[in-house]
Amino acid sequence: MEIEDFQGLIKEIYFEKDNRRGVEGTFVWFTEEVGELARAIRENNQARLREEFADVLAWLVSLASICKVDLEESVEKYLSGCPKCGQKPCVCSES
Ligand SMILES: [Zn+2]
């Protein structure tokens with residue numbers, strides 16, 4: 001599935017609700033999902049990890065939609081490698 005298609009799907013399911021709640025309220029929900037992902041990582045539970053990664057991605061994509069950001073376009077900055085060093089894999093210093 002393309003990023004554009006996923007954003008369209010999540011928009012179809014949640015846009016009205018999330019847009020009504022607004023950016024700030026939806027951002028709070030997003031951060032709660034990130035917290036659930038953190039717990040799944042700590043538990044190292046593969047089934048929960050799959051679920052929580054999907055939830056975090058769905059909330060992120062929905063946030064992008066209510067902020068009028070097209071993710072298919074915005075990820076283009078990575079198409080030719082790391083946006084800083086331009087390499088694949090990145091050779092930027094970790095410090
Ligand atoms: Zn780099």
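Where does Pro-89 lie relative to helix H4? In this predicted model, Pro-89 sits in the segment after helix H4, which covers residues 71–74.

**View 1. A cis peptide bond joins Lys-88 and Pro-89.**
Zoom in on the link between Lys-88 and Pro-89, and you'll find omega at about -5°. Most peptide bonds are trans. The proline of this pair, Pro-89, belongs to the segment after helix H4.

**View 2. Asp-18 of helix H1 meets Ser-62 of helix H3 in a polar contact.**
Here the side chains of Asp-18 and Ser-62 come to 2.4 Å from each other. Asp-18 belongs to helix H1, residues 3–21, while Ser-62 belongs to helix H3. Is Asp-18 buried or exposed? Asp-18 has a relative accessible area of 2%, so it counts as buried. Ser-62 is buried too, with a relative accessible area of 2%. Setting aside residues up to four places away in sequence, Asp-18 touches Thr-26, Trp-59, Ser-62 and Ile-66. With that kind of neighbour left out, Ser-62 touches Ile-10, Tyr-14 and Asp-18.

**View 3. Asp-18 also pairs with Arg-21, in a salt bridge.**
Stay with Asp-18 and look along helix H1 to Arg-21: their side chains meet with N to O at 2.7 Å. Side chains of opposite charge can pair when their charged atoms come close. Why are Arg-21 and Asp-18 separated by about one helical turn? Because they are three residues apart in helix H1. As for cover, Arg-21 is partly exposed at 33% relative accessibility, whereas Asp-18 is buried at 2%. In total, the structure holds three salt bridges.

**View 4. Glu-43, Arg-48 and Glu-52 form a salt-bridge network.**
Arg-48 is the residue to centre on here, with a salt bridge to Glu-43 and another to Glu-52. The side chains of Glu-43 and Arg-48 meet at 2.9 Å, N to O. For Arg-48 and Glu-52, the closest N and O atoms are 3.4 Å apart. Arg-48 and Glu-52 share helix H3, where they are four residues apart, about one turn of the helix. Which class of exposure does each partner fall into? Glu-43 is partly exposed at 46% relative accessible area, and Arg-48 is partly exposed at 26%. Glu-52, on the other hand, is buried, with a relative accessible area of 4%.

**View 5. The largest nonpolar core has eight residues.**
Its members are Phe-30, Leu-37, Ala-40, Leu-49, Val-56, Trp-59, Leu-63 and Ile-66. Helix H2 (23–43) and helix H3 (46–66) are the elements that give two or more residues to this core. Which of them gives the most? That would be H3, with five residues. Apart from this core lies another one, made of six residues, including Phe-6, Ile-10, Val-61 and Leu-71. Back in the largest core, pick out Leu-49: leaving aside neighbours within four places in sequence, Leu-49 is in contact with Leu-37, Ala-40, Ile-41 and Asn-44. Trp-59 and Ile-66, both members of the largest core, also turn up among the residues that Asp-18 touches.

**View 6. Asn-44 and Lys-68 both have a positive phi without being glycines.**
Most residues other than glycine have a negative phi. Asn-44 comes in at about 50° and Lys-68 at about 60°. Where do they sit? Asn-44 is in the loop between H2 and H3, and Lys-68 is in the loop between H3 and H4. Asn-44 counts as exposed at 60% relative accessibility. Lys-68 is exposed as well, with a relative accessible area of 78%.

**View 7. Met-1, Leu-9, Ile-13 and Tyr-14 make a nonpolar surface patch.**
This one is about the outside: the four residues cover about 430 Å². One of them, Ile-13, is found in helix H1. Tyr-14, another patch member, is also touched by Ser-62.

**View 8. Glu-51 and Asp-70 are 24 Å apart in space.**
That distance runs C-alpha to C-alpha, and the two residues are 19 apart in sequence. Glu-51 belongs to helix H3 and is exposed, with a relative accessible area of 51%.

Definitions and conventions
Residues are numbered from 1 along each chain as its sequence is written. This is a predicted model: local features need pLDDT of at least 70, side-chain atom pairs count only at pLDDT 80 or more; totals for chains, interfaces and linings use all residues. Side-chain values use heavy atoms; hydrogens and water are left out. Buried means under 20% relative accessible area, exposed over 50%, partly exposed in between (1.4 Å probe, protein chains only). A polar contact is a pair of N or O atoms within 3.5 Å; within protein, one must be able to donate a hydrogen and the other to accept it, and residues adjacent in sequence count only if both atoms are side-chain atoms. Contact means heavy atoms within 4.5 Å. Patches are made of residues with over 30% relative accessible area and no salt bridge: like charges are joined within 9 Å, nonpolar side chains (Val, Leu, Ile, Met, Phe, Trp, Tyr) within 5 Å. Accessible areas come from the Shrake-Rupley method with a 1.4 Å probe; for residues, only the protein chains shown count as cover. A nonpolar core is a set of buried Ala, Val, Leu, Ile, Met, Phe, Trp, Tyr and Cys residues joined through side-chain atoms within 4.5 Å.
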